[in-house]
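Here are a few exercises to work through with the model open in your viewer. Try each task before you read its solution.

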Amino acid sequence: MIESEEIEKAQDSWGRAVVGVGAAPSWEESHALAVQLVQEHYLTEGGTLLFCPTKASAGQFRSTLKDVVSYFVGRDPDHAEDKGFALEPWTSVRFENAGTVARGDVGIAMGNYFFGRADGTELKVEYSFVYIRGADGGLRIQLHHSALPYQH
């Protein structure tokens, strides 16, 4: 049974990992940390990951480790639009859940997350995550959809 508190811990861990990717001293180290981020936080086994990142339009749906890592750190010829979202670098990630649902082996969260910049401003992004329990017992994101809020 997935608990709401586990979802919040998974969100905190994900945010710290994203900040860590951008804080690495070289792209190679950022890439290694991005691989670790995806392996520890996403369900990539069996091709069942549904990932729709914030800043992608040509290849906006991703399902593999390689495709998700590309979004976070770029430099993948298969995804030329990827500039490396995690390389901003972000100083913090803060979640404001509109709600969470824990129903058996599935956890769902939706709301806004805020990516802190060095100048003190934040990028507000809408998200929906669906979590399931991985083979090691930890929560894994099976569905990740995020988008910039509608601009009038």
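**Exercise 1. Find out what surrounds the side chain of D67, given that D67 is buried yet has no salt bridge.**

Step 1: pin down the terms. Buried means under 20% relative accessible area, exposed over 50%, and partly exposed in between (1.4 Å probe, protein chains only). A salt bridge needs a side-chain nitrogen of Lys or Arg within 4 Å of a carboxyl oxygen of Asp or Glu.

Step 2: check the nearest side chain of opposite charge. That's K66, 4.4 Å away. Here Lys and Arg count as positive and Asp and Glu as negative, while His and the chain ends are not counted.

Step 3: look for polar contacts (N or O atoms within 3.5 Å, one able to donate a hydrogen and the other to accept it; sequence-adjacent residues count only if both atoms are side-chain atoms). The D67 side chain makes one with the side chain of T64 at 3.0 Å, and another with that of H79 at 2.9 Å.

Step 4: widen to contacts, meaning heavy atoms within 4.5 Å. Leaving aside neighbours within four places in sequence, D67 touches R62, H79 and D82.

A word on ground rules: this is a predicted model, where local features need pLDDT of at least 70 and side-chain atom pairs pLDDT 80 or more, while totals for chains, interfaces and linings use all residues. Numbering runs from 1 along each chain as its sequence is written, and side-chain values use heavy atoms, with hydrogens and water left out.

**Exercise 2. Work out which salt bridges R62 forms, and what they tie together.**

Step 1: list the partners. R62 meets E81 at 3.9 Å, N to O. R62 lies in the loop between β1 (50–52) and α3 and E81 in the loop between α3 and β2, so this pair ties together parts 19 residues apart in sequence. R62 also meets D82, at 2.9 Å, N to O.

Step 2: check burial. R62 counts as buried because its relative accessibility is 2%, and D82 is buried too. E81, at 24%, is partly exposed.

Step 3: put it together. R62, E81 and D82 are linked in a network of salt bridges.

**Exercise 3. Test whether the length of α1 agrees or disagrees with its expected span.**

Step 1: the expected span is 1.5 Å times one less than the number of residues.

Step 2: for the 20 residues of α1 that gives 28 Å, and the end C-alpha atoms are 29 Å apart, which agrees.

Key:
Helix = DSSP H or I, 4+ residues; strand = E, 2+ residues; numbered from the N terminus.
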